[in-house]
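Work through the exercises below with the sequence and the coordinates side by side, and try each task before reading its solution.

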Amino acid sequence: MDDKTFTIRGAMVIDGSEAPATRADLLVIDGVIARVGSILRGEEQGKVIEADGLTLTPGFIDLHSHSDLAVLTDHEHLAKVTQGVTLEVVGQDGLSYVPSSEESLHVLREQLYGWNGEPKGLKWNFHSVADYLGEVDKGAAVNVAYLIPHGSVRMMVRGNVAGLSSKDELDEMSRVVTQGMQEGAVGLSAGLTYTPAMYADDAEIVALCRVVAEYGGYYAPHHRNYGAQFLDAVDDCIQIARESNVALHLTHCHMSAPINHGRTGLLFERLEKAESNGLDVTLDSYPYLAGSTYLHAMLPSWVQDGGNAAMRARLSDRENRLRVIHELTVSGSDGNQGGTMNWEVVKIAGIEKSEHLKFVGLSLVEAAHIAGKQPVDFYLDFIAAEDFKASCIIYSGHEGNLRAIMAHPRHMVGSDGILAGTRPHPRAYGTFARYLGHYARQERVLTLEGAVARMTGRSAARLRLPDRGLLKVGYKADLVLFNAGTVVDRATYETPKIPAAGFEYVWVGGVLTLKDGRRTPHLPGRAVRSKATKVRS
């Protein structure tokens, strides 16, 4: 028998459906689940793994990941493998590297440095969804699904500039999205507080979502406001979904602005009304109170128009700089959810220049004090000195809202994990373990079965995967075996790159990626493509 045929004995099985855990055995033959239940002595096949005291679940699905480059270059990929992740959905927040032209790919590499860095030795030989997924098929630590990023499509067609799209440009964008869906993408993402997507009107999004709906995909927006106008932005997403008849997935759905603390009921009312009107609506979140992005994202959109060189030129002009300072400190910046900056809650996470290492982990207030500047002046000088490659962590969450959202019946799990940078957010290494250990075992906000379902069965249903997410006969053997009594996230804001503990075995398609808590050399991950057939004409 080959290594993809094996028997697991005596595990506490949580099947991903939210059904109560049961003690059972499991047989895998050639990477596919062949039996779940009782397997008599002598009926085992392949290697026998004694799992007494351990919990067996389907492989975890990270519905919101920024591992776009890591899955191609980081063959260990410890952040996700050591948490039981077997599938990641990339192409998030409307920005990734395909679809692209040579020109737009260059701009994207600059703009997304704070999210993904630029791994050494990577051959930038992909411009289409098919190209990118083909690179994944050469071997990865996890399986990968792809969302077409609206901002990348827009940049490819009309550049990284402000303005509404013409009919011809929108027709070309629709053609690009059609091609991406036919090549296996699972839907469309949007980053409507990032350039160039923030320049688009709703009509543009509706037109592209209609294409996605034709292929059974879903729309995953980083919507227009996570601040004071959060609920208005959700209404906008629902309206876009209604007009285009697309399934809606509210990505990294959090209500962090102080005005929204304790108001999750208003969000849930909107979701329930949308569902009652026939819309397919889901959401994901990560179990932390801080967010993360690239540091220059908070600049007003007019400053970012045209990319890094244009930004540098504008910030070097005295009148422009005074205008920027006024928007950041007095009137509000659309890059900062329409609000003014709270410099104390923004901490520097990733830097490019070694001379700036002393600022990592400090708030912009603390860093400005060391530099002898006002926070706004330090911020503008620093992002330019970093060539717009710095990243940050923003502390603005609300524990009550966090708990209420994760308990929602349409909730799923997305880490939003950024792996690049000197001191990235711990959510990349800790999200799944934190749900299991902190919020399920310790705090009991979720049952263990409910937590697992949010990472497996619910997510596979969102992706419309017919053979993953559950422990059922005929399903792919993407599996996790962990100790439910000890599983814990160990990554912190100070030391964010520490792998989770408690995970013993992880299989992707029946191939071990984690054995006795240690990474194996295997790279069984492949692209998970949607079916290209239209579901309606």
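A residue counts as buried when its relative accessible area is under 20%. The model is predicted, and the exercises apply this cut-off to it several times.

**Exercise 1. Positive phi outside glycine**

Task: Establish where H77 and H252 lie, and decide for each whether it is buried or exposed.

Solution: Begin with the backbone of H77, where phi is near 50°, a positive value in a residue other than glycine. Next, place the residue: H77 lies in the loop between α1 (70–73) and α2 (78–81). Since its relative accessibility is 1%, H77 counts as buried. Repeat the steps for H252, whose phi is positive as well, near 30°, again in a residue other than glycine. This residue belongs to the loop between β11 (247–250) and α10, and with a relative accessible area of 5% H252 is buried.

**Exercise 2. Cis peptide bonds**

Task: Find which residue is joined to P99, and which to P196, by a cis peptide bond, and locate both prolines.

Solution: Omega is about 0° for the bond that joins V98 and P99, which is a cis peptide bond. Following the chain, P99 is found in the loop between β7 (85–90) and α3 (102–111). The bond between T195 and P196 is also cis, with omega about 0°, and P196 lies in the loop that runs between β9 (187–191) and α8.

**Exercise 3. The packing of α9 against α10**

Task: Describe how helix α9 packs with helix α10, and say which residues make the contact.

Solution: First take the geometry: α9 (residues 230–244) and α10 (residues 264–276) pack at an angle of about 10°, and their axes are 10 Å apart. Angles under 35 degrees count as roughly parallel, and the pair is therefore described as roughly parallel. Then list the residues in contact, which are F230, L231, V234, D235 and I238 on α9, and L266, L267, R270 and A274 on α10. Sorted by character, the residues of this contact comprise 7 nonpolar, no polar and 2 charged.

Finally, look at one of these residues in detail. A274, in helix α10, counts as buried because its relative accessibility is 1%. Leaving out residues up to four places away in sequence, A274 touches I238, L279 and V281.

**Exercise 4. Helix α15 and the nonpolar cores**

Task: Determine how many residues of helix α15 are buried, what covers them, and which residues have the most contacts inside the largest nonpolar core.

Solution: Helix α15 (residues 375–385) is mostly covered, with 8 of its 11 residues buried. These are P375, V376, F378, Y379, L380, F382, I383 and A384. The elements that cover them include α12 (308–316), α13 (318–331), β14 (346–350) and α14 (364–371). After the helix comes D387, whose phi is positive, near 55°.

Turn next to the largest nonpolar core, which has 128 residues, and in which Y132, Y219, L267, Y379, L380 and F503 have the most contacts. Helix α8 (residues 202–214) gives the most to this core, with 8 residues. A second core, separate from it, has 20 residues and includes A24, L54, L471 and Y475. For the surroundings of L380, set aside residues up to four places away in sequence; the residues touched are then L299, L315, R321, V324, I325 and L328.

**Exercise 5. A buried threonine in a strand**

Task: Locate T7, decide whether it is buried or exposed, and name its contacts.

Solution: T7 is placed in strand β1 (residues 6–13). With a relative accessibility of 0%, T7 counts as buried. Once neighbours within four places in sequence are left aside, T7 is in contact with L26, L27, I39, E44, Q45, K47, V48 and I49.

**Exercise 6. Cysteines**

Task: Find how many disulfides the whole structure has, and which cysteine sulfur is nearest to that of C253.

Solution: A disulfide requires a pair of cysteine sulfur atoms within 2.5 Å, and a search of the whole structure finds 0 disulfides. For C253, the nearest cysteine sulfur is that of C237, 9.2 Å away, and C253 is in no disulfide. As for accessibility, C253 is buried with a relative accessible area of 3%, and C392 is buried with a relative accessible area of 0%.

Notes: Residues numbered from 1 in each chain as written. Predicted model: local features only at pLDDT ≥ 70, side-chain atom pairs only at ≥ 80, totals over all residues. Heavy atoms only, no water. Axes fitted to C-alpha atoms, helices over the stretch in contact; angles between N-to-C directions. Helix = DSSP H or I, 4+ residues; strand = E, 2+ residues; numbered from the N terminus. Parallel < 35°, antiparallel > 145°, perpendicular 65-115°, else oblique. Contact = heavy atoms within 4.5 Å. Nonpolar A, V, L, I, M, F, W, Y, C, P; charged D, E, K, R; others polar. Buried < 20%, exposed > 50% of the residue type's maximum accessible area, 1.4 Å probe, protein only. Core = buried A, V, L, I, M, F, W, Y, C linked by side-chain atoms within 4.5 Å.
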